[in-house]
Amino acid sequence: MLDNISTGTIVVEDLEVGMTRSLQKIITDQDIEMFAEVSTDRNPVHLDDGYAQDTIFEGRIAHGMLTAGLISAVIGEQLPGHGTVYLGQTLKFMAPVRPGDCVEAIVTVLSIDYARRRVQLMTEARVGDTVVLKGEATVLAPSGKFD
């Protein structure tokens with residue numbers, strides 16, 4: 001990770017609409033190979049240069065869910081952080097991520113239901129100025145009342 005803000009927890013009582021956190025990571029060949037191993041997704045568009053060159057992408061790309069995993073890292077480590085429970089996530093893949101790309105995963109608080117501890121988050125990943133993934137997540141945030 002290149003720019004990961006300190007990890008921890010922001011309890012629901014301390015969350016505010018507009019809060020944002022992010023991290024940056026350079027996607028390596030090893031990341032793609034390890035993701036293929038753990039997910040068992042061995043689509044050659046991710047692993048085989050020759051095959052991938054003849055696709056619409058004209059080269060290898062990272063798994064979309066590898067990029068989405070960076071969103072999960074921001075949610076689970078920073079906003080809200082440790083103790084957060086994922087309830088749902090929408091994803092739209094906008095552009096490919098390639099080996100060597102620096103991905104920035106960004107999470108922003110859209111709304112908070114303090115009574116139910118539900119938080120709606122805007123989720124986005126970028127490579128430079130290009131949005132490669134966007135969506136929204138719903139999470140159950142940890143509470144200071146229960147710690």
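This report describes selected features of a predicted model, beginning with its nonpolar core and then turning to individual residues.

**The nonpolar core**

In the largest nonpolar core there are 31 residues. Leu15, Ile27, Val119 and Leu121 have the most contacts inside this core. Five elements each supply at least two of its residues: helices H1 (29-39) and H4 (64-77), together with strands E4 (102-113), E5 (118-127) and E6 (130-140). Of these, H4 gives the most, with 6 residues. In soluble globular proteins, nonpolar side chains tend to be buried together.

Val119 may serve as an example of how distant parts of the sequence meet. Leaving aside neighbours within four places in sequence, Val119 is in contact with Val12, Leu15, Val109, Ser111, Ile112, Ala137, Thr138, Val139 and Ala141.

**A buried histidine**

His46 belongs to helix H2 (residues 44-47). Its relative accessible area is 7%, which is under the 20% limit, so His46 counts as buried. When residues up to four places away in sequence are not counted, His46 touches Ile32, Asp41, Arg60, Ile61, Ala62 and His63.

**Loop residues**

Several loop residues deserve separate mention. Thr28 is located in the loop between strand E1 (20-26) and H1. With a relative accessibility of 32%, Thr28 is partly exposed, because this value falls between the limits of 20% and 50%. Thr28 and Arg98 are 70 residues apart in sequence, yet their C-alpha atoms are 8.5 Å apart in space.

Two further loop residues have a positive phi although neither is a glycine: Thr40, with a value of about 65°, and Glu58, with a value near 55°. The loop that holds Thr40 runs between H1 and H2, whereas Glu58 lies in the loop between helix H3 (49-53) and H4. Thr40 has a relative accessible area of 63% and is therefore exposed. Glu58 likewise counts as exposed, at 57% relative accessibility.

The loop between H4 and strand E2 (85-89) contains Pro80. The peptide bond leading from Leu79 to Pro80 is cis, with omega near 0°.

**Accessibility of the residues discussed**

The table collects the accessibility values given above.

| Residue | Relative accessible area | Class |
|---|---|---|
| Thr28 | 32% | partly exposed |
| Thr40 | 63% | exposed |
| His46 | 7% | buried |
| Glu58 | 57% | exposed |

Methods:
Residues are numbered from 1 along each chain as its sequence is written. This is a predicted model: local features need pLDDT of at least 70, side-chain atom pairs count only at pLDDT 80 or more; totals for chains, interfaces and linings use all residues. Side-chain values use heavy atoms; hydrogens and water are left out. A nonpolar core is a set of buried Ala, Val, Leu, Ile, Met, Phe, Trp, Tyr and Cys residues joined through side-chain atoms within 4.5 Å. Buried means under 20% relative accessible area, exposed over 50%, partly exposed in between (1.4 Å probe, protein chains only). Helices (H or I, at least four residues) and strands (E, at least two) are DSSP runs, numbered from the N terminus. Contact means heavy atoms within 4.5 Å.
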